[in-house]
Amino acid sequence: MAGGGGVSPLGLAPPLWYHRDLSRAAAEELLARAGRDGSFLVRDSESVNGAYALCVLFQKHVHTYRVLPDEEGFLAVQTSQGVQPKRFKSLPELVLLYLQPSQGLVSTLLYPVDREESIPEDRDYSDGEDEKPPLPPRSTSTTPTGSAPETPTDSAPAANGLSTISHEYLKGSYALDLQAVKQGASSLPHLNKTLVSSCKRLNGEVDKVLSGLEILSKVFDQQSAFMVSKMIQQSVNQGGDQELENLVTKLAILKDLLSSIEKKALKAVQDLSVSTLSSLPPLTRHSKTIPVQAFEVKLDVYLADLTKIGKSQKHSLSVDVEGGMLVVMKKMKDNQEDWNTFTHHKIRQLIKSQRVQNKLGIVFEKDKEKNQRKDFIFASAKKREAFCQLLQLMKNKHSNQDEPDMISIFIGTWNMGSVPSPKAVGSWLLCRGLGKTLDEMTVTIPHDLYVFGTQENSVCDREWVDSLRTALKEHTELDYKPIAVQTLWNIKIAVLVKPEHENRISHVGVSSVKTGIANTLGNKGAVGVSFMFNGTSFGFVNCHLTSGNEKIGRRNQNYLDILRLLSLGDKQLSSFDISLRFTHLFWLGDLNYRLDMDIQEILNYINRKEFDPLLKVDQLNLEREKNKVFLRFAEEEISYPPTYRYERGSRDTYVWQKQKATGMRTNVPSWCDRILWKSYPETHIVCNSYGCTDDVVTSDHSPVFGTFEVGVTSQFVSKKGLPKSSEQAYIEFENIEAIVKTASRTKFFIEFYSTCLEEFKKSYENDSQSSDNVNFLRVGWSNKQLTTLKPLLSEIEYLQDQHLLLTVKSLDGYESYGECVVALKSMIGSTAQQFHTYLSHRGEETGNIRGSMRVRVPAERMGTRERLYEWISVDKDETGGHKGRSTLPPRSGHDYVKPSLTHKHVGAVLGKVSEEGERSTKEEVTAARAKQDSAEGDPSNCKNNSYNNPAYYILEGVPNQSAATLSSELLPSPCSPPAGKALLSGGGKGRPSSESSHPRRHTAGHPVRPISEEGSSEDDGIAVVGVVLGGGAGGTLNRPPPDFPPPPLPKGALEMADTPFSKPRPLYPDLAEVKIPAANSSPAFILGEDFKRGGPGGLDDQSCSVLQMAKTLSESEYPPPPRAPSAPPHLRGQGLGDACRTFPPRAPITESIAEDLPEEVRCLCEGGREGGREGVL
């Protein structure tokens, strides 16, 4: 395992059973692989610095013992209360004792499990990207005023120096003072000495402050200046017993001085300004005014409005941002014009069409109680977005709110190739170039935040920041303020903010992690900045990962090391990695993932501007599909050519060959430079642009840009004050249940963290626990074990912006087995709501958690307001969407589901579809389809999907596109029932889309409004019967989360049954009803041909061990059916639809889901094959 670098605490040659920073999950995997009782290893504790964890395998379970150091540095295994621990000078001595029998462990230590030695990292510049590791720049990292410099890890003991002095007094000198008092002493000399030593640092700081204030005092207040000078002189001469008394006196003077000097200085300046006011030049600062922008549009006329047919529908929409007005001008015959002017408060809502990308509905207020909606067709989707941005800016500019609801963020990443940047980088700052770019009407609108991440940047920090500020001032006429700059060798990140927002920034933090050779060199690694913008936390990480086409594993490990070791954000959230510490986390940089394709094929696709085939072989996309890196991160669709490796001085030629001493090196064109993000659920974030420049040619990389519209919260101040007991809001839990991947059988508890809580809270240990398989454990907490949480404020306006972080920890080692985040917004109400999400730890998915909770808000605190970003909505387009299209946003964030569909309702829908299945009108087919297509044919087209085994689908490292498809197509069944019958399946594959998908946009946590699909699949020769899910009219759907599709309904699914959850019963079965098959009952699992090959049709050998394990367990419960005849050629191999994928797979996985279906459903499916074959073929 790659670690954090440095020498092992056990010396240069530690014992092979010592694994240092090995994760808990990896330790369990190594012990499971060893498979013998008494196998053991020692790793660093994840919960206590300087402690260890002794892991022992016994009867297929892993038992963990904490090894803690005491005050004298001796080590001891943590024991039960009352048991005297055995102390050891070193870890090898401790292990030596427990190698002997009957020492109190569950098993004698018999078989040490050696660590896996990594391949020496001699060179990290194999592809010529760095001819040799560059030396670190002389300039150190700078942190402008208002930010906190990074504290080196070596200085951590110094921070605890005061507590060490106190401990020394209590352990030793206290007894001497006690003896002196018994002998009649009237003072405590040793305590006085301890206090003087403790305050020595404070004494020096006070002297520095007083010296600085002395100068100001001489200018504004002569009397105070004399007192300060006298005090400083006394502090030099005094010492001994008077030193502590002198410090107290200085602090009192400092307090008085600070409270009075500003008033005296103000009076002096006012007196001075009276005589010089006329001679002073006016101090004004104007930002660049936004000119009036006009958009040529057409009025969208409905067929029902026959009066307007044949008349001119040409209109012009003029947006006056500065004046706060929208002018709607109608162009008539004979060059006549008719116009209406609407002020900003008369524009009630903007409604974007989901189906027609350039259509926008505008709701105007005509009278106090009457609104009018008009739909306009813009020249392009880009023009529509520009219009919406201008109107949002206008509303924000003229809002009566003191604090913004939404900000705009520019993010840029660029590998500068160790060459200074050109003076003209305007195309980068203005998002001009290739890909998804901003409209020319909005490119000059200044963003609120600018974040610049660079790699191989040889320019010193000050010069680099000054050049950025100069360029921004040139284009925006604003003097942007630097928040923080952090540098690791030539990797830099700089964050600048609009002057008006400077005071809204707080809690600035910076950090860096080295991942270069042996994790000790900074030529590769990451730098990060974090801060609060009012009440919203932001994190930004800029990284430069290992280069080389074949170094995928090293890049993955670089990412995991950065995720674990980068010290950013709230220190109280140390149990959570940085992907869960921030409302919004942006990850940018030269990630160095390459394309797995022949160079000539790559060049051919680039010349034809066909990027989809290349994105299918992009290493980052493939690794994300396997859930190996960037779990639940999102990335905007890439529509620009690879940004690496160009010939310097040109953007016309890729230089893909380089002669080296070891031979010819190939660097295929690749999308090395990327921007990804991860946001809390039910927050607002939209990517408005993602592309690269085409005119900055000094480096072999092109600069990449992205702009984001992000919702933010204010520092909420209650108008009603702190809540009384009768007005207190409560967060109450009915139950929580989780499945975690672990071989341990210890007890667990949950810790709850949130900014709305005064401090973190803990549950009691779980009161239910079961498992029939050694690799998985189900744990549950009833409401008696779960504490009720009391938020600091009780207003609904405050609580709907809050989130709750949960971590599941073990009682034996106090280590986390998984963490998650839940939004409180959907939990507010008088009845309990259900949440359901995944658990992750150290960047890997480790399980699943669900529960029932409610946020009870008193009626007096229910007032709220509409946010600016809620002013724009998305129309569901009741007329239906394009056939085969999916508007599902990219996989991202912390998606979770709040199921609301009851089994009784499912039964009613099934019955209705069964009765009316013979009807064939287009409207009914459209309604019946509602996300459920079935295809007849070869079982090779019926994929086996262990999602259908509810005990294990939550733990798989499955490709992302499978989950996205299941969500967007609502789990289509691959087996077609006869006409008039419907099958509700828990998994399967849909047909490929006949059209390309819309550009993907992400609004984390906001419900995706599904559109009904237009047309039937009769054109394709496929018999289709579907089920409309959801409680609302028009096919409204509560989608399951992409990663947790529901399992197939058992025979009794239509009957109501008692569950730990509140009624009505949710679509998802209760975990307690899920039977985990015993491991020893599983037959030998034989992989399909694609898995055996490890080629395009399957996953590589390293990819999804949990997935394969789950499939083995699934097959043990549901034996496979006999094979059926093959499908027609035109249906063979049809897999996941491109429109439904986050990332395309290499090829479909060839297993049958029929073996996962309950018997009665499988019979129905098989009957459908026979009854419907003629209609299909």
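**Entry 1: strand β15 and its partners**

I began with the bridge partner of Trp414 and found that in β15 this partner is Thr454. I note here that the model is predicted. I then looked up the two strands concerned: β13 (residues 406-415) and β15 pair in the parallel sense over seven bridges. Next I turned to strand β17 (residues 491-497), which is joined to β15 by six bridges and runs antiparallel to β15. In that pairing I located Leu449 opposite Val497 of β17.

Is β15 enclosed or open to the outside? I found seven of the seven residues of β15 (residues 449-455) to be buried, so the strand is largely enclosed by the rest of the structure. I also checked the side-chain directions. Leu449, Val451, Gly453 and Gln455 point one way, whereas Tyr450, Phe452 and Thr454 point the other way, and all are buried. I recall that in a regular strand the side chains alternate between the two faces of the sheet.

**Entry 2: the sheet around β15**

I traced the strand order as β14-β25-β26-β13-β15-β17-β16, an open sheet of seven strands with mixed pairing. The edge strands are β14 (434-436) and β16 (481-488), each of which pairs on one side only. I took the average turn between neighbouring strands of this sheet, direction ignored, and obtained 10 degrees.

At the β14 edge I found three bridges to strand β25 (residues 685-692), with the two strands antiparallel. Leu434 stands opposite Cys692 of β25 there. I then asked which strands helix α11 lies across. Helix α11 (residues 461-476) lies across β15, β16 and β17, and I recorded an angle of about 40 degrees between the helix and β17.

**Entry 3: His190 and helix α4**

I placed His190 in helix α5 (residues 189-198). His190 is partly exposed, at 27% relative accessible area. Leaving aside residues up to four places away in sequence, I listed its contacts as Tyr169, Ser173, Leu176 and Asp177. I also computed the C-alpha separation between His190 and Ala180, ten residues apart along the chain, as 10.0 Å.

I looked next at Leu170, which belongs to helix α4 (residues 161-182). Leu170 counts as exposed, with 57% relative accessibility. Together with Tyr174 and Leu178, Leu170 makes a nonpolar surface patch of about 300 Å².

**Entry 4: salt bridges**

I counted 38 salt bridges and examined several of them individually. The side chains of Glu46 and Arg842 meet at 3.8 Å, N to O. I noted that this pair links distant parts of the chain, 796 residues apart: Glu46 is in the loop between β1 (39-44) and β2 (52-58), and Arg842 in the loop between β34 (833-841) and β35 (844-856). Glu46 is partly exposed at 23% relative accessibility, and Arg842 is partly exposed at 21%.

I then took Arg674 and Glu635, whose salt bridge is 2.7 Å, N to O. Arg674 lies in strand β24 (residues 673-679) and Glu635 in the loop between α15 (619-625) and β22 (657-660), so the pair ties together parts 39 residues apart in sequence. Are these two residues buried or exposed? I found Arg674 buried at 0% relative accessible area and Glu635 buried at 4%.

I also recorded Glu759 and Lys761, joined by a salt bridge of 3.8 Å, N to O. Glu759 is partly exposed at 48% relative accessibility, and Lys761 is partly exposed at 33%. I closed the entry with Asp300, Lys359, Arg373 and Asp375, which are joined into one network by salt bridges that share partners.

Technical notes: Residues numbered from 1 in each chain as written. Predicted model: local features only at pLDDT ≥ 70, side-chain atom pairs only at ≥ 80, totals over all residues. Heavy atoms only, no water. Helix = DSSP H or I, 4+ residues; strand = E, 2+ residues; numbered from the N terminus. Buried < 20%, exposed > 50% of the residue type's maximum accessible area, 1.4 Å probe, protein only. Contact = heavy atoms within 4.5 Å. Pairing = 2+ DSSP bridges. Patch = residues over 30% accessible without salt bridge, like charges linked within 9 Å, V, L, I, M, F, W, Y side chains within 5 Å. Areas by Shrake-Rupley, 256 points an atom, 1.4 Å probe, with all protein chains shown as cover. Salt bridge = Lys/Arg side-chain N within 4 Å of Asp/Glu carboxyl O. Axes fitted to C-alpha atoms, helices over the stretch in contact; angles between N-to-C directions.
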